[in-house]
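Colleague: I've got the chain up on my screen, and I'd like you to teach me how to read it. Start wherever you like.

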Amino acid sequence: KPASTMGCLQPASRRLSGVADRISPAARSANMSRVRSRDTRPELRVRRLLHRVGYRFRLHRRDLPGTPDIYLPKHKLAIFVHGCFWHGHGGCKRSKLPETRAEFWSAKINANRRRDAEALHRLAERGITTVTLWECELKTDEEIVSAVERELASAQTIAQGGKAEVR
């Protein structure tokens, strides 16, 4: 093989930052075009589970800050189902930044984190309780339901003038 390609699918001129991508730009583009912002597998799993246990909700309410993935109007509860990579889940192995174009990805993930924090703040100003479920934490159905019910109980305690228990 010529030294310029060294087994990569891309010519040397297409490499970025001295680190070669393992697939061609066209294949990378095709992969990235399939990444969805709604109706992801983790989100569908949470929705099915919540519906099965009796919660009724609205999806992707664009009139609410941050467009929550799931909104329970009766309980004023917004649920975000975040992918660990895209939302920068701290300490999670799935949130490791790519070595290629590290500056770009770092800026993108940090912008997502800032936008998420702003949305949570604006929802709190409206009196809406929020739950963020991380992709890596969706291990069992019981954990998902308990996280939602914990926030509902906490919000009800605060609404009744008591103090919420931090768990």
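Modeller: Let's start with burial: a residue is buried under 20% relative accessible area, exposed over 50% and partly exposed in between, using a 1.4 Å probe and protein chains only. Glutamate 43 has 1% relative accessibility, so it counts as buried. One caution: this is a predicted model, in which local features need pLDDT of at least 70 and side-chain atom pairs count only at pLDDT 80 or more, while totals for chains, interfaces and linings use all residues. Residues are numbered from 1 along each chain as its sequence is written, and side-chain values use heavy atoms, leaving out hydrogens and water.

Colleague: What percentage of the residues in the protein chain is buried?

Modeller: Of the 167 residues, 32% are buried. As for the surface, the chain exposes about 11100 Å², and 50% of that comes from carbon and sulfur atoms. Those areas come from the Shrake-Rupley method with a 1.4 Å probe; for residues, only the protein chains shown count as cover.

Colleague: And the secondary structure: how many helices and strands are there?

Modeller: Helices and strands here are DSSP runs (H or I of at least four residues for a helix, E of at least two for a strand), numbered from the N terminus. The protein chain has five helices and four strands. Reading from the N terminus, the order is α-α-β-β-β-α-α-β-α.

Colleague: Now the inside. Which residues of the largest nonpolar core touch the most other members?

Modeller: The general idea first: in soluble globular proteins, nonpolar side chains tend to be buried together. A nonpolar core, as used here, is a set of buried Ala, Val, Leu, Ile, Met, Phe, Trp, Tyr and Cys residues joined through side-chain atoms within 4.5 Å. The largest one has 18 residues, and the members touching the most others are Val46, Leu50, Ile70, Leu72, Leu77, Ile79 and Leu133. Two or more residues each come from α2 (41-52), β2 (70-72), β3 (77-82), β4 (129-134) and α5 (141-159). Helix α5 supplies the largest share, with five residues. There's also a second, separate core of six residues, Leu64, Tyr71, Ala78 and Leu123 among them.

Colleague: Pick one core residue. What does leucine 77 touch?

Modeller: Contact means heavy atoms within 4.5 Å. Skip residues up to four places away in sequence, and leucine 77 touches Ile70, Tyr71, Leu72, Ile128, Thr129, Thr130, Val131, Val148, Glu151 and Leu152. For the chain as a whole, take contacts between residues at least 6 apart in sequence: 48% of them join residues at least 24 apart.

Colleague: On to charges. How many salt bridges does a search of the whole structure find?

Modeller: It finds five. To count, a side-chain nitrogen of Lys or Arg must be within 4 Å of a carboxyl oxygen of Asp or Glu. Our buried glutamate 43 pairs with arginine 47, with the closest N and O atoms 2.9 Å apart. The two residues are four apart in helix α2, so about one helical turn separates them. Arginine 47 is buried too, at 14% relative accessibility.

Colleague: Which salt bridge links distant parts of the chain?

Modeller: Look at aspartate 141 and arginine 45, whose closest N and O atoms are 3.1 Å apart. Aspartate 141 sits in helix α5 and arginine 45 in helix α2, 96 residues apart. Both are partly exposed, aspartate 141 at 27% and arginine 45 at 28%. Bring in Arg52, and you have a salt-bridge network of Arg45, Arg52 and Asp141. Elsewhere, arginine 61 meets aspartate 63 at 2.7 Å, N to O.

Colleague: I always look at cysteines. Why is cysteine 92 not bonded to cysteine 84?

Modeller: A disulfide is a covalent bond between the sulfur atoms of two cysteines. The cut-off here is a pair of cysteine sulfur atoms within 2.5 Å. The closest cysteine sulfur to that of cysteine 92 belongs to cysteine 84, and at 3.6 Å that's too far for a bond. Cysteine 136 is in no disulfide either, its nearest cysteine sulfur also being that of cysteine 84, 3.6 Å away. Search the whole structure and you get zero disulfides. Cysteine 92 is buried at 13%, as is cysteine 136 at 16%.

Colleague: Last one: where does histidine 87 lie?

Modeller: Histidine 87 is in helix α3 (residues 84-87), buried at 17%. Leaving aside neighbours within four places in sequence, its contacts are His82, Ile109, Arg113, Asp116 and Trp134.
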